[in-house]
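This report looks at strand pairing and the nonpolar core in one protein model. Please keep the structure open while reading.

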Amino acid sequence: MKSALYLIWQCTWGVLQSLTGAVIFLLHIRDRHCCFHGAVVTEWKYGSSVSLGMFVFITHDPYYSGLKDGCTKAEHSQKLLAHEYGHTVQSLILGPLYLFVIGIPSILWAGLPPCRRKRREQGISYYSFYTEKWADFLGEKVTKLSMEELW
């Protein structure tokens, strides 16, 4: 029942990001896929991860800066999946506002050279930005995985 409501809500209230995610999913139809709490998860070759509505695209190599040492690749992958799932919950909450409130600011925080430089020079975690903190919180609440252990 929860999965059905999740699907209906993502395809109506979150239609903008779910439609975009569906197009990207079709472009990566030959990649590995699975379901996670109602979301369609695709493991792709890119070095970053993104969530668009009910579609989650996870990097095949989850090791990147900002994570604590001593964790296995499986632990990194699990935390990253929970974090990205948190973004799908944001999509459920914000609907058509998601791309403007979460998506665009998150992409800018991740990719703009001044933002990257600021994080590097000041030792600021990528996950300290409001979009990412909130995704961690929601992902942890829904999946019951603790984010504190890794970032």
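## Strand S2 and its surroundings

The model is predicted. Start with one bridge: Val 40 has Phe 55 in S4 as its partner. That bridge belongs to a parallel pairing of S2 with strand S4 (residues 55-59), made over five bridges.

S2 also pairs with S1 (residues 32-36). Here the strands run antiparallel, joined by five bridges. Within this pairing, His 33 faces Thr 42 of S2. A hairpin links S1 and S2, with two residues between them. His 37 sits in the turn, and its phi is positive, about 50°.

| Pairing | Sense | Bridges | Opposed residues |
|---|---|---|---|
| S1 with S2 | antiparallel | five bridges | His 33 and Thr 42 |
| S2 with S4 | parallel | five bridges | Val 40 and Phe 55 |

Is S2 (residues 39-44) mostly covered or mostly open? Mostly covered: five of its six residues are buried.

Next, the core. The largest nonpolar core holds 19 residues. Among those with the most contacts inside it are Val 41, Phe 55, Val 56 and Ile 58, along with Tyr 6, Leu 81 and Tyr 85. S2, S4 and helix H3 (73-94) each give two or more residues to this core. H3 gives the most, with five residues. In soluble globular proteins, nonpolar side chains tend to be buried together.

Which residues does Val 56 touch, leaving out those up to four places away in sequence? The contacts are Ala 39, Val 40, Val 41, Thr 42, Val 50, Ser 51, Leu 81, Glu 84 and Thr 88.

Conventions. Residues numbered from 1 in each chain as written. Predicted model: local features only at pLDDT ≥ 70, side-chain atom pairs only at ≥ 80, totals over all residues. Heavy atoms only, no water. Buried < 20%, exposed > 50% of the residue type's maximum accessible area, 1.4 Å probe, protein only. Helix = DSSP H or I, 4+ residues; strand = E, 2+ residues; numbered from the N terminus. Pairing = 2+ DSSP bridges. Core = buried A, V, L, I, M, F, W, Y, C linked by side-chain atoms within 4.5 Å. Contact = heavy atoms within 4.5 Å.
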